[in-house]
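Let's learn to read helices and sheets together. Take a look at the model below, and then we'll go through it step by step.

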Amino acid sequence: MINDRENSFIVEAKDLKLCYGEVTVLKDISFQVETGSCMVIMGASGCGKSTLLKCMTGLLKPAAGNVIFSNGDLWGNRDLPNEEVLSNFGVLFQAGALWSSMNLLENVSLPLQTFSQLGKDEIEQLAAYKLSLVGLSGCEYLYPPELSGGMQKRAGLARALSMDPPILFLDEPSAGLDPINSMQLDELIVELKKSLGITFVVVTHELDSIFEIADDAIFLSNVSKSLLDHGKPVEMKSSSKHAEIRGFLSRTGQGKAI
Amino acid sequence: MTLQPKSLQIIESEHSIDFLLDGDWVLNLDSNIIQQKCRNYLSAAKPSQSACKFSFSSNKSKWDSSLLVFLLDLETKLSTLGMEADFSKLPDKVQDLISFAKDRKGKKSAPLYHPSLSSKGWFFHLSSKCSQWSTFFGKWILALFRLFLGKSFMRLSDLISICRDCGAAALPIITLISFLTGLTMAFVGSVQLEKFNATIYVADLVSLAMVREMGALMVAIVMAGRTGASFAAELGSMKLREEIDSLRTFGIPAMEFLVLPRTLALFIMTPLLTLYADVVGILGGLTVGTQVMDFSSLHYFEQTQSALTNMWEVYSGLIKSLAFGLIIGLVGCYKGMFTGNNSAALGKSVTSAVVVSITLIVICDAMFEIFFSMVGYR
């Protein structure tokens, strides 16, 4: 439930090694995400940010290591993720990944219809409320192809929020959004974090967003294929021992060899 | 950690009405009783100016957005009765979220009305489909002309690889289907012909039926299900992913680059597969003739040869198969190019590509037979 987080860490990546076939994408990845915080995963394109997110959301089994949530390990011995742990989080995919044959209200209602005990009217109200939170009031009966990319993304966030999960994983939430919408989305993340105590794990390389929302950040390297640094983005910008990270966060182009 | 069921107490006093919330207000708990209680209370309540104060009776209650929706909804209903909702005794976080939700709340839209088509509407719908189809076909003919003039964007490598996919790759399934068709016809025919002591005519029956009808028809049906559907799905998903639009922005017509190689590949490969299916079907008949009816292979082949003295029998099947190949290719590509803009529409396009192809194939087959009879070629 959302207003009684007690443990200090809500999710932990432990010695993760991620491979596609023979190719190793990331290795020795270990970090913890504090309850009620916003952790940003940064790095240059192709460094494995989305792959790491896939592993943490149960879509890609790690070659070694595990992802540990407060109610258990995500990956057991089997190839499939532990189903009980899956109910812990919501995921916003890069392009929204809405179900195109359903309207927005149905998209947000479906998880509620499947997993909650509420009546039909309440579910509709709740879905409309989630859509209003992301600024999509009045779009309840539109279908995903009728929306712009940014609206699809916000609808995806409303769907990820539908079950009030304690953790939300967002894959590039503000990519492709205009500055106003992007700012509103950041505001929404901060508000949800504050009021509902939701923990966010966000993959992004939008600098403005990073400084606005992140309490904590990790930086993945393309070269060593591992976690380069871990800390607060503001501190990393000024005092990281890696020049690439300082370059990345201050946009000075020193990050070519990341 | 067990959850306590939601409960709501409504206490009316002289100056205010207290709504005391207890238990856990979370999504996973049923709220029918609470809703019923609120409905009953509101239907009996008289408009008044008194304030409605909301509070939790214990500070251990858990809550999530289902509570917010409940409160916001109740607030709207109370305001229509002239009552004011006072949330100041609720936890700060609840109050924050309520004001945040109010800031963002817009007007909820009404369900869209999808009118059904009237008979006049159907006529226009049908005529627009016809014009869409004839435009597609016209553009295809033009693309063919440009190909003959050497100005086409079609790549030979595409044509060859599609020919391989829809021709050579289909050989196993065509072998199986046509062999079993020949075999089945031989069995069915032998039962009837035995009554007249004319079982050797099984060879005539199988060979004529295969080359005139069954070879072309079976190949066409397999190709419609296999290749026509794959064309519709491939082009449809290309359209959904805006790949066709991106071709267009480069000035490359999708008709020449995508549709022409696919239709031509089927136009070329269907007759070849039909010829192959004819031979395999006859071998299926031969298997029954030699293994079940004890004819010698030579005897069976001689009988087959005498049945097929006129090569027109074979050609007529091949002419049909040319038309069938064209139908499958055009229908598959048309359905793919004009698919709707969601994944459900893509599914419908693929289904409809197969259904329309097979229907047109059977109609076309019948028309060929009628035509051949009328001009005296049967």
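**Reading helices and a sheet**

Q: How should I read two helices that meet, and at what angle do the axes of α5 and α7 of chain B cross?
A: Follow the axis of each helix. In this predicted model, helix α5 (residues 156–166) and helix α7 (residues 202–240) of chain B have axes that come within 11 Å and cross at roughly 145°.

Q: Which residues make that contact?
A: From α5(B) come B:Ile162, B:Asp165 and B:Cys166, while α7(B) supplies B:Met223, B:Arg226, B:Thr227 and B:Phe231. Sorted by class, the contact has 4 nonpolar, 1 polar and 2 charged residues.

Q: Now the sheet, please: in what order do the strands of chain B lie?
A: Here is the general idea: strands of a sheet pair through backbone hydrogen bonds, either parallel or antiparallel. In chain B, 4 strands form an open sheet ordered β1-β2-β3-β4, with mixed pairing. Strands β1 (7–12) and β4 (84–86) of chain B stand at the edges with a single partner strand each, so one side of each has no neighbour in the sheet. On average, neighbouring strands of this sheet are turned by 20° against each other, direction ignored.

Q: In what sense do β2 and β3 of chain B pair?
A: Strand β2 (residues 16–22) and strand β3 (residues 51–56) of chain B pair in the parallel sense, over 6 bridges. For example, B:Asp18 has B:Lys53 in β3(B) as its bridge partner.

Q: Which strands does helix α2 of chain B lie across?
A: Helix α2 (residues 65–80) of chain B lies across β1, β2, β3 and β4 of chain B, and runs at about 170° to β3(B). Helix α1 (residues 32–44) of chain B lies across β1 and β2 of chain B, at about 20° to β1(B).

Key. Residues are numbered from 1 along each chain as its sequence is written. Chains are lettered from A and ligands numbered from 1 in the order in which they are written. This is a predicted model: local features need pLDDT of at least 70, side-chain atom pairs count only at pLDDT 80 or more; totals for chains, interfaces and linings use all residues. Side-chain values use heavy atoms; hydrogens and water are left out. Two strands pair if DSSP finds at least two bridges between them. Axes are lines fitted to C-alpha atoms, for helices over the stretch in contact, and angles run from 0 to 180 degrees between N-to-C directions. Contact means heavy atoms within 4.5 Å. Ala, Val, Leu, Ile, Met, Phe, Trp, Tyr, Cys and Pro count as nonpolar, Asp, Glu, Lys and Arg as charged, and the others, Gly among them, as polar.
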